Amino acid sequence: VKRLTREGKVGHGGTLDPIANGVLPVFLGQATRLMDPLVNGVKIYRARVRLGVATETYDSTGAVAGTGDPSGVIQANVEEVLESFKGVVDQTPPMYSALKRGGERLYDLARAGFAVPREPRTVQIYRLVLCAWEPPEMVLEVECGRGVYIRSLAHDIGQALGCGGHVTELTRLLTGPFSLEEAITLDGLTEAVAAGSWQELLYP
């Protein structure tokens, strides 16, 4: 975006996982001052979770870290487990994350073969809904506060069900006041820059 718009100061509100898509607010110029209050706002995600396989990254990009048999899991089991993850909960961030330890990103340490202890963090999950149950997969919608890792949530749910689990698809539907319906693609921005109309896409 910085290269396309030639703006001197550009920031974004909330890193997306490599497999994720969806809303990523981008702030230009003095608007970068608004990043913190907006990033601290509510986020909504839709995630597809596959049971029976746990991975090192907690998503489909990672090596298999363990397997289990999900054939005995029924929808009632899932809904009961989901209840335990609602509200204020402690969550351990994944080793493959952008958090820093000693000045280095955790994912850089993980790729180098190092695993370091991560302190659980208190996070808020306002809403956790089972949208579809297609064993061994399910689709969840999660409304949460800052700092929630959906990959960790999927991993923890898989552990609680006794068979493991990981994220296969992830879409951020909302960040603060910005929804997916209002978003544009990078290709759309590129076309708007070429047409000289990209500034019309900005919020005041």
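**Close-up 1. A nonpolar patch on the surface of the predicted model.** In this predicted model, V1, L24, V26 and L186 together make a nonpolar surface patch of about 300 Å². One of these residues, L186, lies in helix α6, which covers residues 186-195. L186 counts as exposed because its relative accessibility is 53%, and the cut-off for exposed is over 50%.

**Close-up 2. The surroundings of C144.** A disulfide is a covalent bond between the sulfur atoms of two cysteines. The count of disulfides in this model is zero. For C144, the closest cysteine sulfur is that of C131, at 14 Å, which is too far for a bond, because a disulfide requires two cysteine sulfur atoms within 2.5 Å. C144 has a relative accessibility of 1% and therefore counts as buried.

**Close-up 3. The surroundings of C163.** C163 is likewise in no disulfide, and the nearest cysteine sulfur, in C131, is 19 Å away. Because its relative accessibility is 4%, C163 counts as buried; the cut-off for buried is under 20%.

**Close-up 4. Helix α5 and the residue G162.** Helix α5 spans residues 150-160 and is mostly covered, with eight of its 11 residues buried. Which residues of α5 are buried? They are I150, R151, S152, L153, A154, H155, I157 and G158. In an α-helix there are 3.6 residues a turn, so residues three or four places apart point the same way. Helix α5 is followed by G162, whose phi is positive, near 80°.

Definitions and conventions
Residues are numbered from 1 along each chain as its sequence is written. This is a predicted model: local features need pLDDT of at least 70, side-chain atom pairs count only at pLDDT 80 or more; totals for chains, interfaces and linings use all residues. Side-chain values use heavy atoms; hydrogens and water are left out. Patches are made of residues with over 30% relative accessible area and no salt bridge: like charges are joined within 9 Å, nonpolar side chains (Val, Leu, Ile, Met, Phe, Trp, Tyr) within 5 Å. Accessible areas come from the Shrake-Rupley method with a 1.4 Å probe; for residues, only the protein chains shown count as cover. A salt bridge is a side-chain nitrogen of Lys or Arg within 4 Å of a carboxyl oxygen of Asp or Glu. Helices (H or I, at least four residues) and strands (E, at least two) are DSSP runs, numbered from the N terminus. Buried means under 20% relative accessible area, exposed over 50%, partly exposed in between (1.4 Å probe, protein chains only).
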